[in-house]
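Trainee: Please take me through the ligand site in detail.

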Amino acid sequence: MKNFALIGAGICGLRCAELLEKGGLTVQLFDKARGVGGRLATRRHERWRFDHGSPSLHGDDDKWLTCISRYPKWTSGDNSMNTHLPENGVNQMAKDHASQLNVQLNCLIRSIERSNEGWHLLDEDGNPYGPFETLIITAPCPQTQMLIETLETALLQQLKDVRMTPAWVMMLVAAQPLIATHQLCPNHSLIRRISAEHSKPGRALDPGEHSYVLETTSEWSKQHEEDSPAAVEASILSALMRITTTAVNPMHCAVHRWRYAHTEHPLGRPYLIDPQLKLAVTGDWCLGDGASSAYRSGELLANALLDPEPDDVRETQHFR
Ligand SMILES: Cc1cc2nc3c(=O)[nH]c(=O)nc-3n(C[C@H](O)[C@H](O)[C@H](O)COP(=O)(O)OP(=O)(O)OC[C@H]3O[C@@H](n4cnc5c(N)ncnc54)[C@H](O)[C@@H]3O)c2cc1C
């Protein structure tokens, strides 16, 4: 039996599964969300589209660049950084990766257990899955820690220094333009970045509509993580008015909290493997540099499982 279970259909899990499948292995993915992509997220409201996780795709790793450069360019702001974006939104990249994969959505894995037959998974409704020979987890680090906390594995100790930070984001449509560039990173204690969604490829709006995603700083988000959405909305709007020095009359306004948005302290290596348990963990938090790190870590883990280097053989031999 060479079947893999993989928890988390973000870009890390999708890249890993894609390569394992190409290598002839069978992978069943599970994700608690309604769609794939995790923090490569695009939300629709009426005729507006908001990339409310990562606002665009960028980075300089060769394989990642090859992958994102098939999408149109978007020059994003103050530093004129060239980024790329599918016209349907950043989430489309995840959908493109998932099209040939077997993904079970709306499936929150609550517990995992290893028996002599392999891995058994249980979702929040008590539905069982498995057995699987090998389990890969690509959830954000704190969620990975929760899943493996009852296991006897050295991985728990190795994960203890990883730290991730929250972020609140606001999706806003205004009748007037709020910034002069496509993206602005003001030097402000509350607002980290304002992205003009209407400036993205294929997303032009009527002249009287201007759509934005505003992201709060990690420091402010940590302090206000448990605030109500109404309180957060009021705080962001008030900060925005101070930055733009104009009154903002939103045509649409909504906020979203990401509990684990960014990596403050990464693991420092692309993945961890427990060969006895046939368990591997990875995600953007391993290398710590956003979506390109997630993609790279997923790829390096798949390569290690498919074709271990001589030095890796001892660590990974039980997977083959
Ligand atoms: C507001 C914001 C701004 C960002 N800005 C940038 C940026 O400018 N540049 C950049 O490169 N990156 C940015 N990022 C980070 C980037 O989005 C992430 O690094 C990347 O998408 C992470 O991919 P991943 O696959 O590692 O994790 P995720 O995308 O988080 O995927 C993990 C998946 O696991 C699933 N999951 C978790 N637990 C379970 C469970 N128990 N059962 C089932 N499924 C589970 C989740 O639903 C999720 O889909 C930003 C993120 C946010 C939120």
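**The shell around the ligand**

Mentor: By residue type, the shell around the ligand holds 19 nonpolar, 11 polar and 5 charged residues (nonpolar: Ala, Val, Leu, Ile, Met, Phe, Trp, Tyr, Cys and Pro; charged: Asp, Glu, Lys and Arg; polar: the others, Gly among them). The model is predicted, with local features needing pLDDT of at least 70 and side-chain atom pairs pLDDT 80 or more, while totals for chains, interfaces and linings use all residues. Numbering runs from 1 along each chain as its sequence is written.

Of the 35 residues around the ligand (C-beta atom, placed from the backbone, within 6 Å of it), the nearest are Gly 8, Gly 10, Cys 12, Gly 38 and Gly 290. Domain 1 (3–43 + 90–162 + 266–319) and domain 2 (163–264) both contribute to the shell, so the ligand lies between them; the domain bounds come from an automatic or database assignment.

At least two shell residues each come from helix 1, helix 4 (141–148), strand 12 (163–174), strand 16 (250–265) and helix 9 (DSSP runs numbered from the N terminus: helices H or I, at least four residues; strands E, at least two). Helix 9 gives the largest share, 4 residues.

Helix 9 covers residues 290–306, and its end C-alpha atoms are 25 Å apart, in agreement with the 24 Å expected for 17 residues at 1.5 Å a residue (1.5 Å times one less than the number of residues). This helix is mostly covered, with 12 of its 17 residues buried (20 or more other C-beta atoms, placed from the backbone, within 10 Å of the residue's own). Among the buried residues of helix 9 are Arg 296, Glu 299, Tyr 295 and Leu 305.
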